Amino acid sequence: MGLLLVQFAIDKRSILGVGDISEVIPDEVADIAVLEEPEHLTWFHHGKRWKTKFRYVVGIVHTNYLEYVKREKNGRLQAFLLKYANSWLVDIYCHKVIRLSAATQEYANSIICNVHGVNPKFLEIGKKKKEQQQNGTHAFAKGAYYIGKMVWSKGYKELLELLDDHQKELAGLEVDLYGNGEDFNQIQEAAEKLKIVVRVYPGRDHADLIFHDYKVFLNPSTTDVVCTTTAEALAMGKIVVCANHPSNDFFKQFPNCRTYDDRNGFVEATLKALAEEPALPTEAQRHQLSWESATERFLQVAELDQAVVKKPSKSPSKHFASTSLNLKKNMEEASAYVHFLASGFETSRRAFGAIPGSLHPDEELCKELGLVTPMSKQG
């Protein structure tokens, strides 16, 4: 495992890398690298190429950046440019690409597989709820809720619109929303205007005792790739009502997942979920949500046995299988060099949205993490 140096970019509401993380990883242990969100990690990467540093690089794509960008000003144009930039970077930095769901951007020679699991504490909560149901105890005394980062793009816009449009059909429904985020006040104001009772609360850990007795998890979000809170809710034995969307394909195998295709379908699925008791999941279904199962899936699709025995040579090999393969390699190396140059100047980095001064970690950050300072390197 490596240490990632990051700073928070206010305009992007996200963290971005600072400096070159590969410098802190000794060459003798640089065997296999797993890049969570490879496009994100390489947008402004300036340093040794990942494919050169490591024998084998696996990228795991789990954010739909194009969908988020489309919601911004000039979003369509930005998404168009970002799509090609992502494809370019992922190709030159990764040997293998795993997409958590079909809701992500498509990449050449990629495979779709959910290789993420839930914290064991959610499965333990679900186990206790299952025992209560088997003993005839009323396991779920509360109704519907949703939890997520409180920004409009995380499903709150869709949920409040659905509740607003169907207030008559859903009369008597009460929904509790939990989360922290930049749009908290706006979401709270919008919720107060509805005739349906919608209460808005600050965020909590999803495993908090307050969530154990909720029966129905409402999640209309389509910006997630594989929603973590949906997986956690299923692990806790709840019924989940979510959109019939590629991001939810993995969850369709579970009997407590109820998908809908349109607004009327949402109303029908919600009312039915509130009227029924959650199905008792089998041990095999519970295992599918665990990190053990996710790791098994990762090892199967990552093809780690494809990692070469020897590290790639820094100079072109004299022996090659074919002219076409050699040409492809040379073009890829040339493409990587173009990115290396573009990411090495403050002016070009700023033009493409990098955080000012993020080419190298500053002296304060180096001291905080016990790294060699830029001044020490120069000395």
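Over which residues does pLDDT stay under 50, with two contacts beyond four places in sequence? That stretch is residues 315-321, where pLDDT is the predictor's confidence in each residue, from 0 to 100, and contact means heavy atoms within 4.5 Å. This is a predicted model, in which local features need pLDDT of at least 70, side-chain atom pairs count only at pLDDT 80 or more, and totals for chains, interfaces and linings use all residues. Residues are numbered from 1 along each chain as its sequence is written, and side-chain values use heavy atoms, with hydrogens and water left out.

**Confidence**
- The protein chain has an average pLDDT of 85, and 81% of the residues score at least 70.
- Where pLDDT is low, the predicted coordinates should not be read in detail.

**Sheet**
- An open sheet of four strands (DSSP E runs of at least two residues, numbered from the N terminus) has the order β3-β4-β5-β6 with parallel pairing; two strands pair if DSSP finds at least two bridges between them.
- Because β3 (32-36) and β6 (110-112) each have a single partner strand, they stand at the edges and one side of each lacks a neighbour in the sheet.
- Strands β4 (residues 56-61) and β5 (residues 96-99) are joined by four bridges; valine 61 has arginine 99 in β5 as its bridge partner.

**Nonpolar core**
- The largest nonpolar core (buried Ala, Val, Leu, Ile, Met, Phe, Trp, Tyr and Cys residues joined through side-chain atoms within 4.5 Å; buried means under 20% relative accessible area, with a 1.4 Å probe and protein chains only) has 64 residues.
- Leu163, Leu177, Val198, Phe266 and Leu289 touch the most other members.
- Apart from this core lies another, of 24 residues, including Trp43 and Tyr107.

Terms used
Buried means under 20% relative accessible area, exposed over 50%, partly exposed in between (1.4 Å probe, protein chains only).
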